Every structure is written in C-alpha cells, then in structure tokens.
Amino acid sequence: METTASQIPILTLDDLETPPLSLGQLAWRRFKRHKPAIIGLVVLVLLVMYALGGTLFISEKYANFNDTSLRLQGPSAVHPFGTDSIGRDILARTIYGGQISLMIGLTAVIVETLLGILVGAIAGYYGGVVDSVLMRITEAMLNIPEIFLLIVMAKYFGGKIPEVDLLGRTFSGSVIVIVLIIGLTSWMYLARIVRAQFLSLKENEFVLAARATGTSNFEIIFRHILPNSIAPIVVSATLGVANAILSEAYISFLGLGVQPPTATWGNMLDGANNYLDTAPWLWFFPGILILLTVLSINFLGDGLRDALDPRSRTV
Amino acid sequence: MLSTLEAGRCESMGTLLDVKDLKTRFHTPEGTVYAVNGISFHVKEGETLAVVGESGCGKSVSMLSILQLILVPPGEIAGGQALYRGVDLLKKSESEMEAIRGQEVAMIFQDPMTSLNPVLSIGRQISETLRTHKGMDQKEANRRTIELLEMVGISDPAHRLGDYPHQFSGGMRQRVMIAIALACNPSLLIADEPTTALDVTIQAQIVELVTKIRDQVHMAVIWITHDLGVVAGIADRVMVMYAGFIVEEASVVELYENPCHPYTSALLGALPRVDRRRDHRLKSIPGAPPSLLVEPHGCPFSARCEVVIDRCKTDNPLLTPVGQDHHNIACWVDINTGAPR
Amino acid sequence: MNGSPPLVIVDNLTKHFPVTRGIIIQRKVGAVRAVDGISFTIDQGETLGLVGESGCGKTTAGRTLLGLYPATAGTVTIDGHNIRSAKGREMLLIRRIAQMIFQDPYASLNPRWTVHSIISEPLRVHHLFKTEAERVERVQELMGLVGLSGRLINRFPHEFSGGQRQRIGVARALASDPRFIVCDEPISALDVSIQAQVVNLLEDLQDRFGLTYLFIAHDLSMVRHICDRVAVMYLGLMAELADRNELYEHPLHPYTIALLSAVPVPDPRKDRARRRIILAGDVPSPINPPSGCRFHPRCPLADQQCSDEVPEWRLAAPSHWVACHKV
C-alpha cells in the first residue's frame, strides 16, 4: 500500500435517537390499523366469554337434561333460544357446545401445526430425495377430498373410545377422535407453506452467515428459520381454527362427529334439516354462532397477515 | 466530445421544462414524509441534465411528480409549477397527462422487466404505443417498430418482433424500453437509474446508445442516478440533491472541477478512481441522511457537514449563484476558507 | 507478502449445480458450471480482489471456498486445513478462523434477533466465553470497534440504517477472532457516502488485526482502491490475475481491457477523452458455455484457435497470470 493510515482513527460512535421498539410493538401498531381485524378480535373474545362465562349460570346437567314434553318449543322467557327435538334447552347447549367446538378448533390446529411444521421444515431444509418423498405424500393426501377422508376415518374410529374426564367435564371419547382426524387431514397446506418458507429462507444471507460460523442444523432450523416463518404459520393456524370448527360441523351434521349427549355447535345442527321451516331456532342459533366465529377468525387472520408480514418492516 | 463540453452545447436553446418551487409529500401512517421540499430547475431543449443524489434524496420522486406519476394519496403535490413549453403540467387532467407522457415526455426505469408486460410480445408492445398515440395502421406501426428496434441496436429486429420480454437479457430489455420510449419522438426523456441494475460493460452500451440517439433526434434528457461516474460522461449540467433539496447545480465540468457545496465535495472525495493509483484513504461522510419524517429546518446537511457554522442549524440557505456560468449552491459557507460567504 | 506460505490456497476449485428432472428419483440432465476450475493463493495480511460481471461465478466461488456449498472438485486449504476433508472439530476450527461478510445488509441479519444475539452467535457456537456477562462485554467491545454505541446492544436490526447494519455484520464476522474474511460485495448495496465509511472500517480492521481478505466486487474502482492483487473472472473461469497497479495499468486479457475501459471516471474531461471498447452481446449461459476460450464469441481478437482450444492459465509476466491465446 502506498499510504497506509499510520494511526487508526477513532471512530465516532453512532447512536440512535429513536426509542427502542420491539418487533411485537411494531406488529401491534400495524394490527391496530386494521379495523375489521379489531372487530373480529372483539367478537371472538365475546364468543369465548359466552362459552366459558355461561357455565357460571347454567350447569352442564341442565344442558343435557331432556324432557320430550317440552320438545320443539320456540324461544321464550324460560328457553330464550327455544328447545330442540328432544326438549333440551338450546341456549345451554350452545354454551357447552361452544366450549367443545372452540376446543376442537384449537386442539385440532395444534395437531395440524405440529405435523405441518415438521414435514414442511424437514422437506424444505434438507431438500433432495427427502423433500421429494415428503412432498409426494403431501400431494397424495391433498388429492383425496378432505370430507371423504373425514367421513371414512370418523366412521372407522368413531365411537370406539370410552368417555374421558377433563377439566372437570366428561366428554364423549369421540371428541379426541375428531380432533385427531381433523388434525391428520388438514396439515398438508401448512406443510407446503412451511416448506416454501424454508426453501427461500435457507438461501437467505443470515442463514449462510450462521452456517459460515458453524451453527448446527438444529439451531438453524429452530432458532433462525422457524421464527422467521412464524407470520404465515400464525395466519394459517388462525384460519385453521375456523376450518376445524367447520369440519367438525360437517361431520357432526352427518351424525359421524362428536356423539351425544356431549353438545357441539356442529352436532346441534344434526337433524335440524328436518325442521328448516317449522323450527328455525334449531339451526339458527348454533348456525349464527359458527358463522360469527368463522367470520371473525378470518378477519383476524387478515389483520395478522398484514401485521406480521416481514416485508413491512417499517414502523 | 470535448469540444461540445467547452462550448456548452445548449447555450442558445429555449427552455423546455421549467420547474418552480415543487413540493411533494407523502402522508403515511407514521407521519408526513417531506420528500421534495421546494425545488426549482429548468431543462433546455436538447440538453442533458443529470440529477444526482443518494437513495431517498427525492430525485426520482420529483421527476415522477412532474409527470403526475406518484400515487395520490398517500402522495400529495403540495405546491409549485412544472411548465412544459410554458404550460403547467401539474394542472393537467389525467387524460391530458396520458397524451403528454406518451408523446412529449417519455420515461425509462431501472428495472425494465417490471415495465414490460410479460405476456405480450415485444413487437406488439411497441406497435400498440404507435397505434394509440400516432394513429398508425398495423402495417405502418410494424415498419416503424422494426426501425426503432434497429435504432436501439437489436440485431435482426424483424425476426424478434414475436419474442417475449423473458427471451431478452437485462441489457436487451432496457434497449426495448428505450425503443418504446422513443416511439413517438418525445422532446424529453426522463431516465430513472436506467443502468443501475446492469453490469458495467452493458452500462457502457446503454450510455453510448442514449447519447447517440439524443444527438440524432435532438432530445432533452433528464438522467437520474447515484453514480457520479456515469454523470461525468453524459451530462451537460448536473443538479445535486440532498434530503429533498437541490444543494448544488452547475455545468458538468464546473461541478467536478470546482465543487462548492460541502456535500458535493465530500461525495467526490468518497469516490475511488479506476484510472489513478491509490494516494489517500477515501473521505467518508460521517452519519446518515436526516429522517424525512421531520419538517426540515436549517440546512439538511448541517449534521454531517465539516464546515458547519451556527447559522446552518437554524436557516436553510437558498440556492444562490457562485462565480459565473450558472453555478448555484445552497450553502452559507465558503468551503475553501470555512468562513461565511 | 513475505516468506511465509500463503494463508489460503485454492486449487482447481469447481462448483457445478446439477440441473435435475424427475419426480422422486432425480436424474441429472445438465449442470450450471458456475465455477469451473479456478486456482489462486492469498497471502497472510493481503487483500485479493475477485471481480467480474453478474453470473461470472464470483459469489459462488466465495461461498464454495468456505464450504457453504459443497465443492464439485478441487481443494481449498485455509491455514493448513483442507476444507473439503475437514470434519467435526477441525471444521469448527476452520469456521472460527474463516468468516464472511455479506452483500445485503437487510437479508444478512436475522430480523428477529437483537444485535447482541447476532454478534454473539459465533461466541456461543465456539464456546469462547464462559459467562453471559463476558459475552456482553465482548459484544460491546466489538460494537465499539465498528463504530456503534454499546448502548444499542438490545436493539433489533430494523432500527438501524443500511450502513449501520453492514457494520453489525462486520462485528459478527470479527467476533471469533478470524484470520481470513470473505467479503462478498459488502458495499454494493450502500450509498456512496456510506460505502466509504465501510471500506475505511475494513481497512482499519485489517491494519489492526492483520486480517486477510478475499474482496468480491463488481465495482472496479473500489477494487483498485482496496485490493493488493486483483483476479478477473469470466463465466466460471479466471481470465487474469495480477498486482493491482499492474492489472489496471497493463491489462493483458482482452476481457479485462474491455471491462476497464467501460468503467466511467468521475471526471468529465477525462471520461469523454477515453477510448471505450464496447463489447457486443451479453455473457453466455453457464449451462452451455462456449467452446475453447469462453470469451471468444465477444472477443475482438478471437480467431480459430480461440474457439477450438481452451487457453492455458499461465504466467505471462512476473506474478501476472492470464488465460489467453493472444498474449
């Protein structure tokens, strides 16, 4: 070098004037701007309060108590939502059914998400033959109509599991079967999303930097790539809750889902088709609750998508 | 080339575009972005004006504002005039602007791939422009398209009319964009970093092409760039922008040989030279440009300036002449002495 | 630059990316010959520049050299360790002494990690400090070295500007006390005034710690400024390698000559007086590179021999390597 700097100049240290802002705060700011998502969130909280808070006033026994002499009564002061075809109080059943429906939605999504992340992460990160095999299986599963899978599995496994006690309530064992079935038939989309994320993120320079420093594959997958894939996973899981509630409603409507006397919003619709005109309250109240839940979850998902989008890193 | 440099190619020509006190803002959820803060400049017929500055200095936004190409909202042209042959472009309706954009003022962008429609053939995209703006029939438009492609150096143009954008390389796509821009013989071409995405050998091809065509058809060019090297080769006059203000404007030779604004001088000092042995460390400018979210007060460069005086922090200097030859700077200080001017 | 052996020895380094087809069992139907047999050495404390246009394989060369992509053929020796055969502890040692700085200051830092987690990653991986307090101290020391206030240790990358992020990347590369750093276009995403900051920082750190750099770039002016020797790549192969002033003042390969003539000079009188060699056409595809000399379809001097025979990589003058039949 012709002229090397003889002494190292002292650098003036850069400081930032802006107050520290975590990623969570930034996401919350963006989320707040999304009005439908806020409405969705509020409605969802109200629904959960309805399903949980209702138990303080009405017992499960009351919800399952039937008196055929009171069957098919319209809404009244005693039975605000009316009674069903064997005389049970619909208001009480929507409360207890809501708990089950929401719980099925959440737990099925946990199963779905775990499976989807596992398959997607392995396929995306390792690539090659592993990827080919896993993705062909995923596609094969996707090619079978989900409702068909649901019916076959529900018919085959349903009703074989004894009742269980959990959180002070007694459930029909079919609840667990339904959760597993919904989880096992819905992970494919998530697996594909996660795989796509891993495929693009593993070529990202911060992953290369981690590899250049000797970080293990395990740490790269779980500490570098997965946290950066969280946005589409959260969005997909949120929408998955709505789908799981709907799936439960389908198969319960067909009589293959959660077995009575345990109520769900879905199996309350079972048989309601016989009374479409004569007793509309039979399908109206559980139907409107399912609709509200699914709609507000979808709004919430939209808001989360915008808020968590890693491309909108600005404030 | 040198002789044209000395004579000032465009001394006697009329003013084509005269921009006065242009202000552009963007209203975002985070606050108002003060992107362009009252800039005035002009372009003469057949002249090449280079607009130089770093990212976020407002160089592209100001040109897009003139053509009403910024999205309103969030954008807002908060004031000023853009007189094109004496008519204010900022007062034109959208349909009037469409006619002007195609025929009078053309624009090319950094990424030719996003400005070309990927599902239409090259020939169709050019001839369509000709048919809508010039009212040519298919046959005439095709003949002119081949002529244009030949002009921008695409070999065997008649056979490439049916090709799609993805069949061309980056440099070739930029040539096609130039052909589209030239289709209606514009009087002004605005080139927004047209060579930034290209390799140096391809950049040299494009610069040579634009220079050649400019001289052939006597077209004015506004060349927006951050690359002071390219500017030296192509411009007649240069305008340096910083944080939404013009800080210096001068003829190209004057600007490089006698930079008077501390920012221009520092930028030139930060450039290494391919044609010289290394003789010093690069001069670096400490800090970073100011946030555009704060309404500017004082000189925008004062926080990074080496010759800053108290007045810089409170009063923003206006563009005023130094010496002769239309050399203007916006600075309170004489950088040679460090004393107030 | 003295009698000691070179720190980095690259011999016939080759990287082909297979082009495959098939649903489960993938057949190889071709290869992108990104790097096709390049050889060079880098001395202790030296900066070697690797230049070329996009698609010439310079970035792939840098990544393969550090074993981030498995090499197809050839050997790389860094400080006596063969990177292709190293495993386990030896590999971890190489990872400690050889580091990398990346091009994109936005993509190269994990957006969900704090500055502390990012810079201390090498410290954790290599178990360099026992306690968290010691690591914090070291991270703050590193931040000071690159001109960032240690008070920002718990901030996230999105709160910093491009130049500051690039300095965080430099601090991470320095954390494990490396001897060799591959700088992969570390300044091309930055504004001019910020480029100078980063380049000066890299030079200061080199002086201070005796670092050895492989500086990959396409900006020939900056390469002349910062590098001791410069290598020019074209389509996966070396075209020319020489000391910087030798290369810029007496280029031998027609490609180097054209490349240098195309670089604009920030001086209007000089720039317009220069004779520019405008190369025709574009860089061909590395899947099907031209026969013989890969530059021959665009070369103004090419003849029959150039399209038939691959030119030998040879010394044309003292420490001036070139691959051309016409020299």
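Reader: Where does B:Arg85 lie?
Author: In this predicted model, B:Arg85 lies in the loop between S4 and strand S5, residues 87-88, of chain B.

Reader: And what is phi of that residue near?
Author: Phi of B:Arg85 is near 50°, which is a positive value in a residue other than glycine. As background, most residues other than glycine have a negative phi, and most peptide bonds are trans.

Reader: Speaking of peptide bonds, which one is cis, with omega near -25°?
Author: That is the peptide bond from B:Val72 to B:Pro73, and B:Pro73 is found in the loop between helix H2 (59-66) and strand S4 (75-84) of chain B. The peptide bond that follows, from B:Pro73 to B:Pro74, is cis as well, with omega near 10°, and B:Pro74 also has its place in the loop between H2 and S4 of chain B.

Reader: Changing topic, what order do the strands of the open sheet in chain B have?
Author: The open sheet has 8 strands in the order S6-S7-S8-S3-S9-S10-S12-S11, and their pairing is mixed. Its edge strands are S6 (105-108) and S11 (320-321) of chain B, each of which pairs on one side only.

Reader: Do S7 and S8 run parallel or antiparallel, and how many bridges join them?
Author: Strand S7 (residues 188-192) and strand S8 (residues 220-225) of chain B run parallel and are joined by 5 bridges; looking at a single position, B:Ala191 has B:Trp223 in S8(B) as its bridge partner. In general, strands of a sheet pair through backbone hydrogen bonds, either parallel or antiparallel.

Reader: Which strands does helix H12 of chain B lie across?
Author: Helix H12 (residues 262-269) lies across strand S9 (237-242) and strand S10 (245-251) of chain B, and it runs at about 100° to S9(B).

Reader: What about S1 and S2 of chain B, how do they run?
Author: Strand S1 (residues 15-28) and strand S2 (residues 31-44) of chain B run antiparallel, with 11 bridges joining them. A hairpin through 2 residues connects S1(B) to S2(B), and B:Thr28 has B:Gly31 in S2(B) as its bridge partner.

Reader: On to charges: how many salt bridges are there over all chains?
Author: A search of the whole structure finds 43 salt bridges over all chains. One of them is formed by B:Glu147 with B:Arg143, whose closest N and O atoms are 3.4 Å apart; both residues lie in helix H6 (residues 138-151) of chain B, 4 residues apart, about one turn of the helix.

Reader: How many salt bridges are counted between chain C and chain B?
Author: The count between chain C and chain B is 6, and B:Arg273 with C:Asp267 is a salt bridge whose closest N and O atoms are 3.9 Å apart. There are also 19 residue pairs in polar contact between chain C and chain B, counting pairs with both residues at pLDDT 80 or more.

Reader: Which element gives the largest share of chain C's side there?
Author: H6(C) gives the largest share of the side of chain C that touches chain B, 9 residues. The residues of that side divide into 19 nonpolar, 8 polar and 16 charged.

Reader: And how many residues does each chain bring to the contact?
Author: The contact takes 43 residues from chain C and 48 residues from chain B. Between them the two chains bury about 4,200 Å², with 55% of it on carbon and sulfur atoms. In chain C, the residues that lose the most area to chain B are C:Pro266, C:Arg269 and C:Arg272, together 19% of what that side buries.

Conventions
Residues are numbered from 1 along each chain as its sequence is written. Chains are lettered from A and ligands numbered from 1 in the order in which they are written. This is a predicted model: local features need pLDDT of at least 70, side-chain atom pairs count only at pLDDT 80 or more; totals for chains, interfaces and linings use all residues. Side-chain values use heavy atoms; hydrogens and water are left out. Contact means heavy atoms within 4.5 Å. Buried area is the accessible area (1.4 Å probe) that two parts lose on being put together, summed over both. A salt bridge is a side-chain nitrogen of Lys or Arg within 4 Å of a carboxyl oxygen of Asp or Glu. A polar contact is a pair of N or O atoms within 3.5 Å; within protein, one must be able to donate a hydrogen and the other to accept it, and residues adjacent in sequence count only if both atoms are side-chain atoms. Ala, Val, Leu, Ile, Met, Phe, Trp, Tyr, Cys and Pro count as nonpolar, Asp, Glu, Lys and Arg as charged, and the others, Gly among them, as polar. Two strands pair if DSSP finds at least two bridges between them. Axes are lines fitted to C-alpha atoms, for helices over the stretch in contact, and angles run from 0 to 180 degrees between N-to-C directions.
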